[in-house]
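Biologist: Before we discuss particular residues, I should like to have the model before us. Please explain each term as it arises.

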Amino acid sequence: MTELTPDWVFSEADGAAMGVALEEARVAAEAGDVPVGAVIVAADGTVLARAHNQRESHRDPTAHAEILALRGAAAALGRWRLEGCTLYVTLEPCAMCAAAVVAARLACVVWGAPDPKAGFAGSLGNLLDDPRLNHRVAVRSGLQAAESAKLLERFFAKLRTGG
């Protein structure tokens, strides 16, 4: 399993990309969906796509931020192979999203808050770095984790209190 304590230094560009993902997470919360945001950045630093959870508005269980961002990046590049690209996401990807990232051939995933109940990029397992699969994706965790977690905590607290 992936070590959840980062041993790397994040760059300013990493922080800026995660900032965009956090903006998307806030949009999701305002729309009544779980506040998860994602952004996909090309190797040259170009933002290819940004998205947030839209399961409620789309009435679609697959409308996770990561899946929508993958679709947007593929459309922007005109191809499904997203080699050299990095996904920044505020919450550790679930099994579905991790599998889609592998299928898309991304180079790296950077996530904020861990998801101990559904995360498959280090918590429950790591599909991104499974040697049995045809592609492996680098994983870096913990970027702006506290802010990502706080958005989720506020959202679920509001749901519990009916606010």
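Modeller: Helices (H or I, at least four residues) and strands (E, at least two) are DSSP runs, numbered from the N terminus. On that basis, Asp 115 belongs to the loop between β4 (108-113) and β5 (138-141). The model is predicted: local features need pLDDT of at least 70, side-chain atom pairs count only at pLDDT 80 or more, and totals for chains, interfaces and linings use all residues. Residues are numbered from 1 along each chain as its sequence is written, and side-chain values use heavy atoms, with hydrogens and water left out.

Biologist: How do you know that Asp 115 has no salt bridge?

Modeller: A salt bridge requires a side-chain nitrogen of Lys or Arg within 4 Å of a carboxyl oxygen of Asp or Glu. For Asp 115, the nearest side chain of opposite charge is Lys 117, 7.6 Å away, so the criterion is not met. Asp 115 is nevertheless buried, a term that means under 20% relative accessible area (1.4 Å probe, protein chains only).

Biologist: What does the side chain of Asp 115 reach?

Modeller: The backbone nitrogen of Ala 118, at 3.2 Å. A polar contact is a pair of N or O atoms within 3.5 Å, one able to donate a hydrogen and the other to accept it within protein; residues adjacent in sequence count only if both atoms are side-chain atoms.

Biologist: Why is β4 called largely enclosed?

Modeller: Six of the six residues of β4 are buried, and therefore the rest of the structure largely encloses this strand.

Biologist: What makes β3 and β4 a pair?

Modeller: Two strands pair if DSSP finds at least two bridges between them; β3 (residues 86-91) and β4 have five, in the parallel sense.

Definitions and conventions. Buried < 20%, exposed > 50% of the residue type's maximum accessible area, 1.4 Å probe, protein only. Lys, Arg positive; Asp, Glu negative; His and termini not counted.
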